[in-house]
Amino acid sequence: MDPYREPIMTNPISKITLSEDLVSKDKLLKTEFHHDLLSHYDLHHLAIMPLHSDHRHFDVLSAWRGESAGEFDLKALNTS
């Protein structure tokens, strides 16, 4: 199960958000989602941009980076 789903559905985001703002790295590392998917594809850093939300759906654009690429610069992502 995607550990990011519940935080987004219970507290919808309205701007670009980094993964650690939703789920701590310690908590993520303990999940099957990390062990079964993320770690196999070197997916370590996530930036999420909300696209649409209503009472039943929440659509986002997810951008992932590998460990060697480093974390996203949130300030740069929010620049118009």
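L61 is found in strand β3, which covers residues 58-65. The model is predicted. L61 has a relative accessibility of 49%, so it counts as partly exposed; the cut-off for exposed is over 50%. L61 also helps to make a nonpolar patch on the surface. Its partners there are M49 and L51. The patch amounts to about 280 Å².

Strand β3 also holds W64. W64 counts as partly exposed, because its relative accessibility is 30%. This residue leads to the aromatic rings. How many aromatic pairs does the structure hold? There are two. A pair of aromatic rings is described by the distance of the centres and the angle of the planes.

Take Y4 and F33. Their ring centres are 6.4 Å apart and their planes stand at 80°, so this pair is edge-to-face. Over 60 degrees is the cut-off for that class. Y4 lies in the segment before α1 (5-10), while F33 belongs to helix α3 (residues 32-36). The two are 29 residues apart in sequence, so the pair ties together separate parts of the chain. Are these two residues buried or exposed? Y4 is buried, because its relative accessibility is 4%. F33 is buried as well, because its value is 17% and the limit is under 20%.

Y4 and W64 form an aromatic pair too. The centres lie 6.3 Å from each other, with 65° between the planes. That pair is edge-to-face. What does it link? It links distant parts of the chain: the segment before α1, where Y4 sits, and strand β3, where W64 sits. The separation is 60 residues. Ring pairs thus link Y4, F33 and W64 into a cluster.

Y4 has a further role in the contacts of S19. Leaving aside neighbours within four places in sequence, S19 is in contact with Y4 and L46. S19 is placed in the loop between β1 (17-18) and α2 (25-29). Its relative accessible area is 9%, so S19 is buried.

Now turn to a charge and a ring. R65 lies over the face of F72. The distance to the ring centre is 4.6 Å. R65 is also touched by E71, as is H45, not counting residues up to four places away in sequence. Where is E71? E71 is found in the loop between β3 and α4 (74-77). E71 is exposed, because its relative accessible area is 60%. For a sense of span, compare E71 with T31. These two are 40 residues apart along the chain, and 20 Å separates their C-alpha atoms.

One backbone angle deserves a look. D42 is not a glycine, yet its phi is positive, at about 55°. D42 lies in the loop between α3 and β2 (45-53). Its relative accessible area is 34%, so D42 is partly exposed.

Key: Residues numbered from 1 in each chain as written. Predicted model: local features only at pLDDT ≥ 70, side-chain atom pairs only at ≥ 80, totals over all residues. Heavy atoms only, no water. Patch = residues over 30% accessible without salt bridge, like charges linked within 9 Å, V, L, I, M, F, W, Y side chains within 5 Å. Areas by Shrake-Rupley, 256 points an atom, 1.4 Å probe, with all protein chains shown as cover. Salt bridge = Lys/Arg side-chain N within 4 Å of Asp/Glu carboxyl O. Helix = DSSP H or I, 4+ residues; strand = E, 2+ residues; numbered from the N terminus. Buried < 20%, exposed > 50% of the residue type's maximum accessible area, 1.4 Å probe, protein only. Contact = heavy atoms within 4.5 Å. Phe/Tyr/Trp six-rings, centres within 6.5 Å; stacked < 30°, edge-to-face > 60°. Lys NZ or Arg CZ within 6 Å of the ring centre and 35° of its normal.
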